[in-house]
Amino acid sequence: MVNKVILIGYVGAEPEVRALETGNKMAKLRVATTERIYNAATGEKREHTDWHTVVLWRGQADFAERYIRKGAQIYVEGKIRSREWMEEATGNKRYAVEILSEEVRLLGGGRRNEGALGDDRRQEARKGGVEEGVPELSKDASDLPF
């Protein structure tokens, strides 16, 4: 049997990180994935966004605490876990479906992701319309390597 999930999405809130009594760390992320749907018959475009709870343990939780921020684009590989419990205060049965992360990576692109440069350095690097470390392309066709 196979239980495998791959998500690429945006983090919707700062990671919730907790240290358990055992000394292990765990973190929860809320990750949004958006599907763009086009109806050819009507020409209508719409988006559908799903929110996923991603659970990270130990070293991954440390990584999330240090580096993952709201708005970051991330890659998550893991498996789906469902659990249920009785709410003590009300006695109601509660359910949760979560992604148990086996691998998490920060991706460089994104609408709201700072990436490797902070806001101040990024604005500085954009002066003149060129990102820091990215060479200006020659307008002369004879300079092209192909």
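Okay, let's start with E77: this residue is buried, with a relative accessible area of 16%. Buried here means under 20%, so E77 makes the cut. Quick reminder before I go on: what we're looking at is a predicted model.

So who does E77 pair up with? The partner is K4, in a salt bridge whose closest N and O atoms are 2.8 Å apart. K4 sits in the segment before β1, while E77 belongs to strand β5, so this pair ties together parts that are 73 residues apart in sequence. And K4, at 46% relative accessibility, counts as partly exposed. The two of them also have company: K4, E77, K79 and E102 are linked in a network of salt bridges.

How many salt bridges turn up in the whole structure? The search finds 12. Let me show you two others. R36 and E47 meet through their side chains, at 3.2 Å from N to O. R36 is in strand β3 and E47 in strand β4, 11 residues apart. Both R36 and E47 are exposed. Then there's R105 with E103, at 2.6 Å, N to O. R105 is partly exposed at 47%, and E103 is partly exposed too, at 24%.

Now, over to the helix, α1, residues 58–67. Which residues are buried there? They're Q60, A61 and A64. Looking down the axis of α1, its buried residues fall within an arc of 100 degrees, so they line one face of the helix. What covers them includes β3, β4 and β6. Flip to the face turned away from that buried side, and you'll see the exposed residues R66 and Y67.

Note on methods: Residues numbered from 1 in each chain as written. Predicted model: local features only at pLDDT ≥ 70, side-chain atom pairs only at ≥ 80, totals over all residues. Heavy atoms only, no water. Buried < 20%, exposed > 50% of the residue type's maximum accessible area, 1.4 Å probe, protein only. Helix = DSSP H or I, 4+ residues; strand = E, 2+ residues; numbered from the N terminus. Arc of directions from axis to C-beta. Contact = heavy atoms within 4.5 Å. Salt bridge = Lys/Arg side-chain N within 4 Å of Asp/Glu carboxyl O.
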